[in-house]
Amino acid sequence: QVERRHYLVSKAVEEVQKIIQQLTVEISCKAMRFQAISNSGIHNENIKVLAPSQFLVTVPLRGLTGYRECQVRHWRYYTVHGAKLLSSVRDPEELHQWLEVEQFSKSLQQWHETDVNIEGDLVPAKVLIVFRELVEKSIASCNLSNKVMLLESFSSVVRVAVETSESQVEVELVPAVEIPTCWPRKARWPRCLKRWPSQEKVQCIKSLGFDLLARSNYHWQLCFSRAEHMLMEGLDEDGGCRMKCFRVMRQMKEDVWCAGNKPVITAYHLQTVLFWTCEKYPRTKDWRCFPEAFLRLVQKLHKCVSQHFLKHYFVKNTNLLKYANTSDLDLVASKLAVFLENPAFCLD
């Protein structure tokens, strides 16, 4: 089943990538601030598979280089359409931070224009409004109406439905500021000296930098896709079965524990569960026996889902399940509990 899933998802990624690349090339021609995604096969770093029919695609923003973090913390707030509010609505989220055009040593003149900028602040909601209009126009101008449909949204998030040869895939298109060679102060990682990952790998991962995603009204969301990808690479160089455990857990999640097109638990959550478990059990011998190693992962997932609490691996005090539907989480927890009561049948 895992092999069959890999084949179907890889095929879908290939088709979606081709279509979205064509779309983003057209968008980039209309507005140079947006860069076309690369065409780099099924391991494209711009595409994250959350579920077989749910993808996230980051669209790099061009013309912002030389990033430096702000020393002074002053938060400002805006409506979904980018209008400035007189007072704050709420405290900034743990995984978000502000972005000012002056934080970059070099910036295109277009980033100083009022369609995305308010008094020097680059506002995600305004960037998304501009981007959504470009997506709608580009679908028509590059004759993709039979393959791509812009979906309605209650916020400024940009979602499209993409028709592949096998099924329909919902894709969230997210403008992203790529910040290489810099690690945010908010990501206090590693928390202490650990045997996993090695200190050499930690330093290498931190040198890859991070991204800021336009996925909210006020603040830019921290993203560590390059760091996560590197942690997943070479996971079993010692001969362990970590990736096998992860892939089987993902398969069970999609088939039994949390199926559907928009699951409350995605592959992204499972990846974080894997990281925490690898850190707790860093020794090779802990990953020699598949049934034992697999059950540890499922037990960790069950604990997180039952408590409605899954810590972000890089940013402390951040709960990845904070806004998840609690009824959906409880249903998944009950299914996991049934499995853990008698896992021998599935692992025979």
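**Helix α2 and the overall fold of the chain**

In this predicted model, helix α2 spans residues 124-141 and, with its 18 residues, reaches 25 Å from its first C-alpha to its last, which is close to the 26 Å expected at 1.5 Å a residue. Among the residues of α2 that count as buried are the aliphatic and aromatic side chains of Val127, Leu128, Val130, Phe131, Leu134, Val135 and Ile139, and the buried set also includes Pro124 and Ala125 together with Lys126, Arg132 and Ser138. The helix is followed by Asn143, for which the phi angle is positive, near 55°.

Helix α2 belongs to a chain whose secondary structure comes to 9 helices and 12 strands. The radius of gyration of the chain is 21 Å, which agrees with the value near 20 Å that a compact globule of 348 residues would have. Taken along the principal axes, the C-alpha atoms fill a box of roughly 60 × 50 × 40 Å.

Of the 348 residues, 52% count as buried, and among contacts with a sequence separation of 6 or more, 68% are accounted for by residues 24 or more positions apart. The area exposed by the chain is about 17100 Å², of which carbon and sulfur atoms supply 51%. With respect to charge, the chain carries 46 positive and 39 negative charges, and the mean positions of these two groups lie 4 Å apart.

Methods: Residues are numbered from 1 along each chain as its sequence is written. This is a predicted model: local features need pLDDT of at least 70, side-chain atom pairs count only at pLDDT 80 or more; totals for chains, interfaces and linings use all residues. Side-chain values use heavy atoms; hydrogens and water are left out. Helices (H or I, at least four residues) and strands (E, at least two) are DSSP runs, numbered from the N terminus. The expected span of a helix is 1.5 Å times one less than its number of residues. Buried means under 20% relative accessible area, exposed over 50%, partly exposed in between (1.4 Å probe, protein chains only). The radius of gyration is taken over C-alpha atoms; the globule rule is 2.2 Å times the number of residues to the power 0.38. Contact means heavy atoms within 4.5 Å. Accessible areas come from the Shrake-Rupley method with a 1.4 Å probe; for residues, only the protein chains shown count as cover. Lys and Arg count as positive and Asp and Glu as negative; His and the chain ends are not counted. The place of a charge is taken as NZ of Lys, CZ of Arg, CG of Asp or CD of Glu.
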